[in-house]
Amino acid sequence: MSEISKEIRQIFSTAGYNFRQWHKNPRIIITFLLAFILCFLLSDKAVAFAKAHDTTLQIMEPFIWTFGDSNSILLSSLLLLLLFADLPYLSAGTPFYLMRMKRRTWVLGQLLYTAVSVSIYMIFIFLSTALVCMTQAFPANMWSRTAAILGYSGEGEAIALPALVKTLEMSHPYECAASIFLLMLLYALVMAFLLLFFRIWKGHTAGIVSVFAFTVFGFLLNPENLKNLFHLPAELAYKARVWVGWLSPLNQATYHMHNFGYDLLPRLWQTYLLFSGLLLMLLICNLLAVRHYNFHFRGTEVL
């Protein structure tokens, strides 16, 4: 038991060492500044719409309407490339850690750091979106008149705010926001774990290429893109929507691309299970890849 507790302490120590690199780090500061600007730009449409119609918003609604859309999820996730530009962290202190722990312990520390970093980033996105609309919002767990106008009048589609009727009818704001937050978190974790795996296995460039391939795959497998590209009739368009709803991780992370009781799209619990399986698989892949990872040091500098 003492050996296990020692390894757990070493895992947390490795993750903590990585977080100490955040102190006054311009790259980290820029990442969160860009994330806030992104939230402001994407959420401002909802706030402006409410002001134009002289109505209020439920405080979770800008987050729901903004990140219920796959393109917004994609943009926010890509900022993780900047956040994890140096992942895995190799510094002057790395040789001393590796002298005292197993490679497995070191990579688990990197994975813990990655998971906590993604969680912090997503919480920041969540809070930033709420902050943007704070002066125009109320906290009660009920949809606003703005949401009703967006959903039932079709004006939401006209200004690219996906306030879908089934979202309004099948959930409440806080529960809906929690589901969207969890979907975004799982998608971002899969992307970050994939980045770490390819960097350990094949190098820095391979990690960047893997994330872009992952992103492009999700973007191309968009139901509307396929429908417009191949001019699909309604029946085939629905079948394509179901197929890409299951195959594309980006569509799996999109709230309205789920089955709420009357279609063949994946249910939320199935998506949670699929993402959890992907994360477990990537965890194992990282543990296997680090066995053959070549650490090159010259003095106290990392090559």
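L111 is found in helix α7, in what is a predicted model. With a relative accessible area of just 4%, L111 falls under the 20% cut-off, so it counts as buried. What does L111 touch, once residues up to four places away in sequence are set aside? The list is F193, L196, L283 and N286. Take L283 from that list: L111 and L283 sit 172 residues apart in sequence, yet their C-alpha atoms are 7.8 Å apart in space.

That kind of long-range meeting shows up in the chain as a whole. Looking at contacts between residues at least 6 apart in sequence, 78% join residues at least 24 apart. The protein chain is built from 16 helices and four strands. Of its 303 residues, 50% count as buried.

Next comes the nonpolar core. The largest one has 77 residues, and those with the most contacts inside it are F84, V118, Y121 and Y187. Which helix gives the most to this core? It is helix α11, spanning residues 173–201, with 19 residues. Y121 deserves a second look. Leaving out its neighbours within four places in sequence, Y121 is in contact with T31, F32, A35, S76, L79, L80 and L83.

Y121 also turns up among the aromatic rings. The structure holds 15 aromatic pairs. A pair of rings is described by two things, the distance of the centres and the angle of the planes. For W22 and Y113, the centres are 6.4 Å apart and the planes are at 80°, which makes this pair edge-to-face. This pair links distant parts of the chain, with the two positions 91 residues apart: W22 belongs to the loop between α1 (2–20) and α2 (26–52), while Y113 belongs to helix α7 (residues 103–132). Are these two residues buried or exposed? W22 is buried, at a relative accessible area of 16%, and Y113 is buried too, at 0%. Ring pairs go on to link F19, W22, F32, F84, Y113, Y121 and F124 into a cluster. Two members of that cluster, F84 and Y121, are also among the residues with the most contacts inside the largest nonpolar core. Elsewhere, a ring has a charged partner: K202 lies over the face of W201, at 4.9 Å from the ring centre.

Not every residue with a distant partner is tucked away. L127 has its place in helix α7, but L127 is exposed, because its relative accessible area of 52% is over the 50% cut-off. Its C-alpha atom is separated by 8.9 Å from that of F63, although the two residues are 64 apart along the chain. I29, found in helix α2, has a relative accessible area of 48% and so counts as partly exposed. The C-alpha atoms of I29 and L83 are 9.2 Å apart, and 54 residues separate the two along the chain. L83 has already come up, as one of the residues in contact with Y121.

The backbone has a couple of quirks as well. Most residues other than glycine have a negative phi. K24 goes the other way, with a positive phi of about 55° although it is not a glycine. D54 likewise has a positive phi of about 55° without being a glycine. Where in the chain do K24 and D54 sit? K24 is in the loop between α1 and α2, and D54 is in the loop between α2 and β1 (57–58). K24 counts as exposed at 69% relative accessibility, and D54 counts as exposed at 71%.

Finally, there is the matter of empty space. Rolling a probe the size of a water molecule over the atoms shows where such space is left. The second largest pocket holds about 260 Å³ of space. Its lining is made up of 14 residues, and F214, F217, L247, P249 and L278 are the ones that lie nearest its centre. Several elements give two or more residues to that lining, namely α11, α12 (204–220), α14 (234–247), α15 (249–252) and α16 (268–289). Which of them gives the most? That would be α16, with six residues. Helix α11 therefore appears twice in this account, since it gives the most residues to the largest nonpolar core and is one of the elements with two or more residues in the lining of the second largest pocket.

Conventions. Residues are numbered from 1 along each chain as its sequence is written. This is a predicted model: local features need pLDDT of at least 70, side-chain atom pairs count only at pLDDT 80 or more; totals for chains, interfaces and linings use all residues. Side-chain values use heavy atoms; hydrogens and water are left out. Rings of Phe, Tyr and Trp (its six-membered ring) pair if their centres lie within 6.5 Å; planes under 30 degrees apart count as stacked, over 60 as edge-to-face and the rest as tilted. Buried means under 20% relative accessible area, exposed over 50%, partly exposed in between (1.4 Å probe, protein chains only). A charge sits over a ring if NZ of Lys or CZ of Arg is within 6 Å of the ring centre and within 35 degrees of the ring normal. A nonpolar core is a set of buried Ala, Val, Leu, Ile, Met, Phe, Trp, Tyr and Cys residues joined through side-chain atoms within 4.5 Å. Contact means heavy atoms within 4.5 Å. On a 1 Å grid over the protein atoms alone, a cavity is a set of points where a 1.4 Å probe fits but cannot get out, and a pocket is an open set with protein on both sides within 12 Å along at least five of seven lines; lining residues have an atom within 4 Å of a point. Grid points are joined across faces, edges and corners, and a volume is the space filled by probe spheres set on the points.
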